[in-house]
Amino acid sequence: MAKRKDGPGDRISEAEHAVMEVLWERSPMSAADVCDRVCADRDWSMPTVKTLLSRLVSKGALGTEPVGRKFLYSPLIERSDYVGTESRRLVERLFGGRAAPLFAQLAENEALSDKDIDEIEALLREMRK
């Protein structure tokens with residue numbers, strides 16, 4: 001998979017993200033292959049998928065490879081890079097760039113399981129080494 005260091009130029013919508021998840025799982029794929037994976041669950045049609053793929057290509061998130069009369073689509077950004085960027089945006093936008101208030105909010109709303117807390121504690125211990 002080709003990598004982009006700077007990520008997509010524009011934000012990826014929730015619908016576009018669903019398409020990206022399919023392609024991060026397996027690529028390259030044709031529009032028909034993507035539709036086979038998402039259309040039934042989301043009540044989408046082939047034109048909807050083609051529109052989303054086109055938007056993702058223009059945003060620089062996907063690349064295309066012509067094969068006969070169709071195109072195969074592949075991510076140009078790694079999922080981990082996307083998740084990192086979106087996580088930073090969330091923390092910046094909602095918590096002034098600080099992660100501690102995010103964890104406090106999750107704890108106050110009982111959104112953290114004991115397993116989540118154990119994993120966070122292990123990550124913090126590892127970071128302090």
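This passage describes the overall fold of a predicted model of a protein chain and then the surroundings of one residue, glutamate 16.

In the predicted model, the protein chain contains six helices and three strands, and these elements follow one another along the sequence in the pattern α-β-α-α-β-β-α-α-α. The radius of gyration of the protein chain is 18 Å, whereas the globule rule gives 14 Å for 129 residues, so the chain is more spread out than a compact globule. Taken along the principal axes, the box filled by the C-alpha atoms is roughly 55 × 30 × 25 Å. Among the contacts in the protein chain with a separation of 6 or more, 53% join residues that lie 24 or more positions apart.

With regard to the surface, 29% of the 129 residues in the protein chain are buried, and the accessible surface amounts to about 8900 Å², with carbon and sulfur atoms contributing 50% of that area. The protein chain carries 21 positive and 23 negative charges, and the mean positions of these two sets are 6 Å apart.

Glutamate 16 was examined individually and is found in helix H1, which spans residues 14-25. The relative accessibility of glutamate 16 is 2%, and this residue therefore counts as buried, the cut-off for that class being under 20% relative accessible area. When residues up to four places away in sequence are not counted, glutamate 16 touches Arg11, Leu52, Arg55, Leu56 and Lys59. The surroundings of this buried glutamate thus include the positively counted residues Arg11, Arg55 and Lys59 together with Leu52 and Leu56.

Definitions and conventions
Residues numbered from 1 in each chain as written. Predicted model: local features only at pLDDT ≥ 70, side-chain atom pairs only at ≥ 80, totals over all residues. Heavy atoms only, no water. Helix = DSSP H or I, 4+ residues; strand = E, 2+ residues; numbered from the N terminus. Rg over C-alpha atoms; globule rule 2.2 N^0.38 Å. Buried < 20%, exposed > 50% of the residue type's maximum accessible area, 1.4 Å probe, protein only. Contact = heavy atoms within 4.5 Å. Areas by Shrake-Rupley, 256 points an atom, 1.4 Å probe, with all protein chains shown as cover. Charge placed at Lys NZ, Arg CZ, Asp CG, Glu CD.
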